[in-house]
Amino acid sequence: MLALAELVERVREYHPAHIDIVKRAYQFAAHAHRGQMRKSGEPYLAHPVAVAGTIADLRLDTASVCVALLHDVVEDTAYGSADLEREFGAEIALLVDGVTKLSKIDFLSKQDRQAESFRKMVAAMARDIRVLVVKLCDRLDNMRTLQFMSPEGQERIARETMEIYAPLASRLGFADFKNELEDLSFKYLEPQASASVGAELASTAAEREAHIAQVCRQLASRLAEQGFAAQVQGRPKHSYSIWRKMQERECEIEQIHDLVGFRVVVESVADCYGALGVVHSLWTPVPGRFRDYVALPKPNSYRSLHTTVFGPGHRRVEIQIRTHAMHRVAELGIAAHWRYAADISGGPDPEEAARFGWLQRLMESQAELKDPAEFIESVKTDLFQDEVLVFTPKGEVRAFPRGATAVDYAFAIHSDLGNHYAGARVNGTVVSSSQQLHNGDLVEVLTDLAAHPEREWLDHAVTARARSKIRAYLRLQQRRKSHRLGRELLSREMQERGLSLPRLEKTQPELDELMGRFGVRRPEELYVRIGYGKLKPQEVVEHLTRTQSRRGYREPPRAIREGRLESFVRRVTGRGSHGILLNGADDVLVRYTKCCNALPGDEIVGFMTRGRGITVHRRSCQKAFEADPERRVEVTWDPKAKISRPVKLHVTTASGPGILAAVEQTFQGQGISISEATCRTGPDGRATNTFTFLCSDLAQLRDVIRDLQKLGGVVAVERA
């Protein structure tokens, strides 16, 4: 069993910060599992420690290491999620809870499509990619000790591993995990075939090693002659992949000539193609066996050039050519993009992760994600999206997430095509913008120069690129309207004071001084700020008047009236009645949006809205992305304010007597009265219940959710 000191040292090598919490998690797990034994006779602690060691080898953050150590505590000991949250914080407790829920799923699938359905289920359940990575490492360790299970248990676990976890490892990009999981499953599902392949490989091991050495020597020498700094490696393919080829080709292992794979690792993308030329000049390529996964990455972001040549002795040789960065992704998948520094919390490095095709598409809409938590939130579902393949009129194949529509297709082809989208023909038939695409569809976009993106398109678009382009157009329209409104308001105010806006626009010194006073670079920015309500036209006119008159200037009557009105509103409504502070001031008009219903404790952002004051969203609200950043203002909760906000919870329950009564008692136990409830029972017998109630803050909401999740019969609890 891995000792605490060794585990700590592994983590310290790449992430020296927060080592103490790893020690505490190890000690907590040892205490919680004391006296428990595995079927192998080892202390149960050996399992979570082994999982933590694998997580450390992947160089994931300390939170992931702690979750690996604690992942069985809630399920197998007397400790609950509340205990973990008290000891280690909400993040680790929620991650452990996610792993626990995955552990409770009973996998009885026998077909690949059910494995695909599992991906969707995981995407919906898991709130954090790290949950899935820890669960994958958990399964890997269980497979390594499967020999101690009963034959029935071995077959059941091996089958779900082959059908569920190996494809999941592939989707995450963990190539070595996938290979080992397949080989271990193969051993228990097809024991005779596994033993036969293993024996054949063992009997020819010496010959194969000599062949590897010969190919590596010749290829490395030729690459060096051509000036390439390249690493050449070769290794035997894993047993299951060989057996699968035997089944597909209906042949014996002696007829499989590509039992070894070779890898060339170079410095740059250009070197990949240069090295390919060297390979093809050294040995004759096999026709039809070249694949360019550099220009066209696989769905899991794997990138390499693949070619097969007739090598020494006219034996087929499969060669992969990739850069060092591509190699890290191929070996470690998403874990290749975790970053560490003494002063930075662990998480995926967005700059490195941008090499992922799917993440690059996300970044087109969100520019750059520096916060690891934001990165994880952005990709948690995109990583597991099933894909559909459709054809362009020219016969090119395009991949889209399942659920994509012709709107997504149009923006994927070209921004102009999307911006002037007027409809689409799918397989020759005109379809609506909401119709989803399916595998094999032939899509043709219809355009009109007068057409432009509509807000309703956001209801149909699912890809990050399409949504970001639609939002950009809508924000531009908002900005243009605010520009016109702001200029009109300023012109009207200036006319009342005997000033001329057209004359000001022609007087560059005065205009420059004015822009400098209000911190803008162009007059258009000044008008936009006025149009959005972030700047009062009276303030601009007062400054102009003082500048032009060069003499003292009393407060304008309008300013006095407005000041008195604001003071009166404060006295009537009471200090901090809205619970929001803008630059420390509480006398602001606030409107909470219904799309996200922010609670005290939520991270929030405000947007200036003319006539409505400040509109408050949760920072993660999708609607907030549609607003022009120019309107954004930083707001905070007023700690002195006592407010309650309406909240909705979706509670999914199994069918059975007394469940709703128990749910109601849980709300009452928190001192909460349900103001509205709707209940619907689906064909599967489960009920989807939506409860609306007033809540004081995020902490109270978390308490309610935690208590509901403990109830028997409650399947899922989610904030609307």
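These are my notes on the nonpolar cores and one sheet of this structure, which is a predicted model.

**Cores**

I looked up the largest nonpolar core first and found 71 residues in it. Leu7, Leu70 and Ile92 have the most contacts inside this core. I then checked which element supplies the largest share: helix 10, residues 151-172, with 9 residues.

I took Leu70 for a closer look. Leaving out residues up to four places away in sequence, I listed its contacts as Ala25, Phe28, Ala29, Leu84, Phe88, Ile92 and Val96. Ile92 is thus a contact of Leu70 and is also among the residues with the most contacts in the core.

I noted a second, separate core of 24 residues. Cys216, Val260, Phe262 and Val279 are included in this second core. For background, nonpolar side chains in soluble globular proteins tend to be buried together.

**Sheet**

Next I traced an open sheet of 4 strands, with antiparallel pairing and the order 21-22-20-23. Strand 21 (674-681) and strand 23 (714-719) are the edges, each pairing on one side only. On average, neighbouring strands are turned by 20 degrees against each other, direction ignored.

How many bridges join strand 20 to strand 23? I counted 5, between antiparallel strands, with strand 20 covering residues 645-653. Val651 has Val717 in strand 23 as its bridge partner.

**Helices on the sheet**

I found helix 28 (residues 659-669) packed on the sheet, touching strands 20, 21, 22 and 23. The direction of helix 28 makes about 15 degrees with that of strand 22 (687-695).

Helix 29 (residues 698-709) also packs on the sheet, where I noted contacts with strands 20, 22 and 23. The direction of helix 29 makes about 165 degrees with that of strand 23.

Methods: Residues are numbered from 1 along each chain as its sequence is written. This is a predicted model: local features need pLDDT of at least 70, side-chain atom pairs count only at pLDDT 80 or more; totals for chains, interfaces and linings use all residues. Side-chain values use heavy atoms; hydrogens and water are left out. A nonpolar core is a set of buried Ala, Val, Leu, Ile, Met, Phe, Trp, Tyr and Cys residues joined through side-chain atoms within 4.5 Å. Buried means under 20% relative accessible area, exposed over 50%, partly exposed in between (1.4 Å probe, protein chains only). Helices (H or I, at least four residues) and strands (E, at least two) are DSSP runs, numbered from the N terminus. Contact means heavy atoms within 4.5 Å. Two strands pair if DSSP finds at least two bridges between them. Axes are lines fitted to C-alpha atoms, for helices over the stretch in contact, and angles run from 0 to 180 degrees between N-to-C directions.
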